[in-house]
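Colleague: I am new to this one and would like a short tour. Could you put it on screen?

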Amino acid sequence: MSERLDFNSDAEAFAEKKLFRNRLLFGFIFVVSLFGVLIGRMVYLQWFNFEHYHLLAEDNRISIETLPPTRGKIYDRNHVLLADNQPVFTLKFTREKIDDIAQTEAFIGELLPNLSEAQRQKFFEKLRRTGRSRSILLPYSLSEEEAAQFAVQSYQHPGLSLTARLKRVYPFGATAVHALGYVGRINSKELSQLDERDYRGTEIIGKLGIEKYYESRLHGEPGIQQVETNAKGRVLRKLENIPAIPGDDIQLTLDIQLQQYAESLFSEHKRGAIIAIDPKTGEVLAYVSMPVFDPNLFVDGIDQATYSALLNNPHRPMINRGINGQYPPGSTIKPFVALGAIENDYISPLKKIFDPGYFEYKNHRYRDWKRTGHGLVDMNDAIVQSCDTYFYELSLDMGIDAIHDALAPFGFGNVTAIDIPGESKGILPSQEWKKTTKGEPWYRGETIISSIGQGYNLTTPVQLAKATAILANGGKIIQPHLLKDAKLPAPQQIEIKDIQNWNRVVAAMHDVMHSPRGTARRHGQGLGFEMAGKTGTAQVFSLNEADYDADSIDKRLHDHSLFVGFGPIENPQIAVAVIVENGGSGSGTAAPMAVDVIKKYLELNTP
Amino acid sequence: MKITLNSSHNVYRRNKTILQTLHIDGWLLLGILLLLGASTLLVYSASGGEVEVVTRHLMRIGFAFALMLLFAQIPPNILYVFTPWLFGAGILMLIGVLLFGDIGKGAQRWLELGPIRFQPSELMKLVLPMTVAWLFAHSNFPPSYKRFGVGAALIALTAGLIVVQPDLGTSILIAMSGLFVLFFAGLPWKIIFGSILSVVASLPVVWHLMHDYQKQRVLTFLDPESDPLGSGYHIIQSKIAIGSGGIEGKGFMGSTQAHLEFLPESTTDFIFSVLSEEFGLVGVILLLAMYVFVIARGLYIASQAQDNFTRLIASSMMMTLFVYAFVNIGMVSGLLPVVGLPLPLISYGGSALVTLMISFGILMSIHTHKKMLAK
């Protein structure tokens, strides 16, 4: 080898060095230009796309937790709490930290024996579908004992944590459930209708009653908590905090004491409604729909078996009879028909007609409830004794449209706009009504039975209570409402042609209670105050000529028992409508209940 | 070869500085210290301020520094003598790895010799270019095609033994270090371009031979967003880290991507992303400037080297350093496939740093021992 080195001439060495240095130079240029490419790449990422990547980095780092607002509480008129929020323990499941869902489910089954299997399966089904970075709450409130048991074993289950949340609680249970309504889990239909931003972090929504009607006031506005989280979703520190705005507390016009008392008047398995209104204001003092059910069952989601039992209960507790129960008003409609007749000069209040116990029209006999007849009756007698024949005859003079026009201002056949969602309208028939709904002409025979609140007539209890209140307050068209500070339109006044006519009708209703021939005279005695009332017994279906034998037919087909009334007569403070489904006669069943409610209310409000 | 010590009187004519006594090149040392200083800061930040990690890092730096000093004392002619033996031993160890190696991450890379566990491929990073340089040491530049052919065969043998481990990334990079020697020895341009063309033409065949995980890496590289939760995740998060650094960066210890654990391997393969996030474009340019400074100094040393062996070693080592830095930065910024390669002199980790510091030791030795090789 060494020879070759020796043979290297200087020229060769120079050429060799030049070649090498060229290559070095080329190498260096190569290095610098490729580093230039890298810098170009960095300029692209860090300069041109800085905003984009900055956002992505912030998005990585910051996650937004919603702070759900505290739902407003609901109080009665005397500041008694009707719907509260109570802290309860529940378990939070962080999907990411749960390796074995089946094992976790087994653990929960053991830990919480009171959690029904169906509920557990449903929850774990949901958990399996939950995104990895999310966490969900078990819809179950742990007892303190269960919470303590969990705390001991919690280290084995890093994906589970005990957390407190506020749960809607109705301290009076089933009382006034149809007025209050209840909250329940937001379903997919509701989710599609509401603004998701407002409901982030909220799991419940008002489903019925006041809870639904005033949802927007009760709900409040969610707050935002910005937190810095690491790649595993763990919260490292809190950044910005916009606190939630809690929902408004609302006060109702209900008197829970009166409400409880009114509900207690229904013996077991009785169905019906009692609506009590302050006739001066339209404030609903008691809103009873029986039977009732416990709204607390729905708050965390009701299990299927209990729900089916409620739905299939033959007494239909889920029906809100106050606004959705549509009943023939029966004889309770008579004072209103009578007032319309004398105000519009269809009959003189003093005119007497003869009642032989029936009314004959076109070879058809329309029976009076009293088969022997009432004899000679004027308007006062007709109301006091609830003479049907008087009204049969009167109705033909008036015609259905005049009856309709007389009753419509009292709100029959229309919604009262009470602040409970889903109210039914009832039916106040007229020629036009029949033409548009049935496409048939009106028959005069139908007018006859309409005059005693049968036939097509249907009213809801709240309608009946409203009409009674208007009668009590001298024609001021009040709007029944449950919210104490409800914003209502200024009430209109029914046109009064002669105030004496109103006084006559009220006097007749007074006599129903206090005269020796009044249908409710038994219940008007010894009250300590005087009141007005009208009984009603509505036929559920036509018995035709056959004798009414209460015992021989199914109880479900018994007459509905109705009563409307108000008191004290000189300064009405409460107007009441009572309906007891299949309760028999109005005087026998509904009247004493109404009287008791009025009496109780006056007692409660006597200083 | 007339390798004698008779010119030593030149050295002793004036008082030697400490650096000269220790055979250290001051400029190179400055560049290395700057990079290692940056490395320490970044490892501290990327680890989330863990003193323990930094302590270990500094101990490794100290160990590697000692090795650099040691190799700086070894005259190049001694390396020259040992080169073929080292190559033979390296090849045997690579075969040993295939036969008895430890399996880690689906590939056999580690060899256990008693208590020592090391990667023979790491040794070959140094030895292969030295061997090819040894081969060309006494040829005129450019050497004959026959010698080029032998050199290429040695490169192919080494790369072949590594690629079957399988470790495609390392195999390519080691082959590169040998190929740079061919380049600096004056391999004709027509062969260079011809080879590049034939490599491109053979890519479909290579694709066919690739393991699935390698194919997946390539696919993910081409479209990282296609698998944002899987293999594309690293690159996406790394680009977010780099891009969100902007021009000035988020400041020291300000890397949210690393501290909140979005960035994988933040102290090792992806440490450049931490640098970019915390020090922005300014920091990136500073780092690249340091590399250019070190590489330029290394190439200068090569240009001043007195024989072909040392010229080729010095120049190819610098180009290898460049390639490692380029591939790592290209990888974390989404220009190149994810090959799992540390950023030279910056990443936390032992073996690569040791290899690099040894090569710097050799470089210094080349520069400081040359007066003894006076003709």
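Modeller: What follows covers the interface between two chains, then one chain alone, then some charged pairs.

Colleague: What should I know before reading numbers off it?

Modeller: This is a predicted model, in which local features need pLDDT of at least 70 and side-chain atom pairs count only at pLDDT 80 or more, while totals for chains, interfaces and linings use all residues. Residues are numbered from 1 along each chain as its sequence is written, chains are lettered from A and ligands numbered from 1 in the order in which they are written, and side-chain values use heavy atoms, with hydrogens and water left out.

Colleague: How many residues does each chain bring to the contact?

Modeller: Chain B brings 59 residues and chain A brings 42 residues, where contact means heavy atoms within 4.5 Å.

Colleague: And what area is buried there?

Modeller: About 4500 Å² is buried between chain B and chain A, with 71% of it from carbon and sulfur atoms. Buried area is the accessible area (1.4 Å probe) that two parts lose on being put together, summed over both. On the side of chain B, H138(B), L260(B) and F322(B) lose the most area to chain A, together 13% of what that side buries.

Colleague: How many salt bridges cross the interface of chain B and chain A?

Modeller: The rule finds zero salt bridges there; such a bridge is a side-chain nitrogen of Lys or Arg within 4 Å of a carboxyl oxygen of Asp or Glu.

Colleague: Turning to chain B, how many helices and strands does it have?

Modeller: Chain B has 15 helices and three strands. These are DSSP runs numbered from the N terminus, helices being H or I with at least four residues and strands E with at least two.

Colleague: What percentage of chain B is buried?

Modeller: Of the 375 residues in chain B, 53% are buried. Buried means under 20% relative accessible area, exposed over 50%, and partly exposed in between (1.4 Å probe, protein chains only).

Colleague: Which side chain meets R56(B) in a salt bridge?

Modeller: That is E52(B), at 3.4 Å from N to O. The two are separated by about one helical turn because they lie four residues apart in helix 4 (residues 51-73) of chain B. R56(B) is partly exposed at 36% relative accessible area, whereas E52(B) counts as exposed at 56%.

Colleague: In chain A, are E105(A) and R120(A) buried or exposed?

Modeller: Both E105(A) and R120(A) are buried. They form a salt bridge, with the closest N and O atoms 3.7 Å apart. E105(A) lies in helix 4 (residues 101-111) and R120(A) in helix 5 (residues 117-129) of chain A.
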